[in-house]
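Thank you all for making the time this morning. I would like to walk through one structure slowly, and I would ask you to keep the picture in view while I talk.

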Amino acid sequence: MNASNGEPVLSPELIELLRCPVAVRDKSLGDDPGRLELVHNCWLVCADSGLKYPVRDGIPVMLIEEGEKWKNTAVDDLPVPPPA
C-alpha cells in the first residue's frame, strides 16, 4: 500500500493501537493520551503532544526525535511523501 494511489498506508486497527511515546507519559492528559490521526495518508499526528511522525514505506517512524522535527510544521505544510 502507498500514499500515492490513495490506499491507506496503515490499517485503522494499527492506528488505533499506536500512541505517541511522549504523550503517553503525561498522566494529566487523561486515561488514553497520545492517540494518533493519519493525515495526508503518510503522517501520524498527535493532538496531545503536537508531534508529527512520518510513515515511510508503510512503516511509522515513532522516534521522539523524528516527531519533534516536525512539531512546528503546520499539518497542511507537511511534505508528501515525508523526506527520507
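What follows goes from the overall fold to the sheet, then to the cysteines, and finally to the charged pairs.

Let me say at the outset that this is a predicted model, so please hear every value as computed from that model. The protein chain has two helices and four strands, and if you read along the sequence, these elements follow the pattern α-β-β-β-β-α. With 84 residues, a compact globule would be expected to have a radius of gyration near 12 Å, and the protein chain, at 12 Å, agrees with that expectation. The C-alpha trace spans about 40 × 25 × 20 Å along its principal axes. Buried residues account for 36% of the 84 residues, and the accessible surface of the chain comes to about 5,100 Å², with 54% of that area belonging to carbon and sulfur atoms. If we take the contacts between residues at least 6 apart in sequence, 42% of them join residues at least 24 apart.

Now to the sheet. The four strands form an open sheet in the order 1-2-3-4, with antiparallel pairing, and the edges are strand 1 and strand 4, each of which pairs on one side only. Strand 1 pairs with strand 2 over four bridges in the antiparallel sense, and in that pairing Leu36 stands opposite Cys46 of strand 2. Strand 2, which covers residues 43–46, then pairs with strand 3 over three antiparallel bridges, and there Val45 is found opposite Lys52 of strand 3. The hairpin made by strand 2 and strand 3 has five residues between the strands, and within this hairpin Gly50 takes a positive phi near 85°.

On the other side, strand 3 pairs with strand 4, residues 59–60, over two antiparallel bridges, with Val55 opposite Pro60 of strand 4. These two strands also form a hairpin, this time with two residues between them, and Asp57 in the turn has a positive phi of about 55°.

Is strand 3 mostly enclosed or mostly open to the outside? Five of the five residues of strand 3, residues 52–56, are buried, so the strand is largely enclosed by the rest of the structure. The cover extends to both faces, since Lys52, Pro54 and Arg56 on one side are buried, as are Tyr53 and Val55 on the other.

Let me turn to the cysteines, which may interest those of you who work at the bench. How many disulfides does a search of the whole structure find? The search finds zero. Cys42 is in no disulfide, and the nearest cysteine sulfur, which belongs to Cys46, is 17 Å away. For Cys46 the situation is as follows: the nearest cysteine sulfur is that of Cys20, at 4.0 Å, and Cys46 is in no disulfide either. The cut-off applied here is 2.5 Å between the two sulfur atoms. Both of these residues are covered, Cys42 being buried with a relative accessible area of 2% and Cys46 being buried at 1%.

Finally, the charged side chains. Side chains of opposite charge can pair when their charged atoms come close, and the count in this model comes to six salt bridges. Glu16, Arg19, Asp32 and Arg35 are linked in a network of such bridges. Within it, Arg19 forms a salt bridge with Glu16, where the closest N and O atoms are 4.0 Å apart, and another with Asp32, where the closest N and O atoms are 2.8 Å apart. Arg19 and Asp32 are 13 residues apart, and each lies in the loop between helix 1 and strand 1. The acidic partners are both partly exposed, with Glu16 at 42% relative accessibility and Asp32 at 37%.

The last pair takes us back to strand 3, because Arg56 lies in that strand while Glu66 lies in helix 2, residues 64–69, so the pair ties together parts that are ten residues apart in sequence. Their side chains meet in a salt bridge at 2.7 Å, N to O, and Glu66 is buried, with a relative accessible area of 8%.

Key
Residues numbered from 1 in each chain as written. Predicted model: local features only at pLDDT ≥ 70, side-chain atom pairs only at ≥ 80, totals over all residues. Heavy atoms only, no water. Buried < 20%, exposed > 50% of the residue type's maximum accessible area, 1.4 Å probe, protein only. Pairing = 2+ DSSP bridges. Rg over C-alpha atoms; globule rule 2.2 N^0.38 Å. Contact = heavy atoms within 4.5 Å. Areas by Shrake-Rupley, 256 points an atom, 1.4 Å probe, with all protein chains shown as cover.
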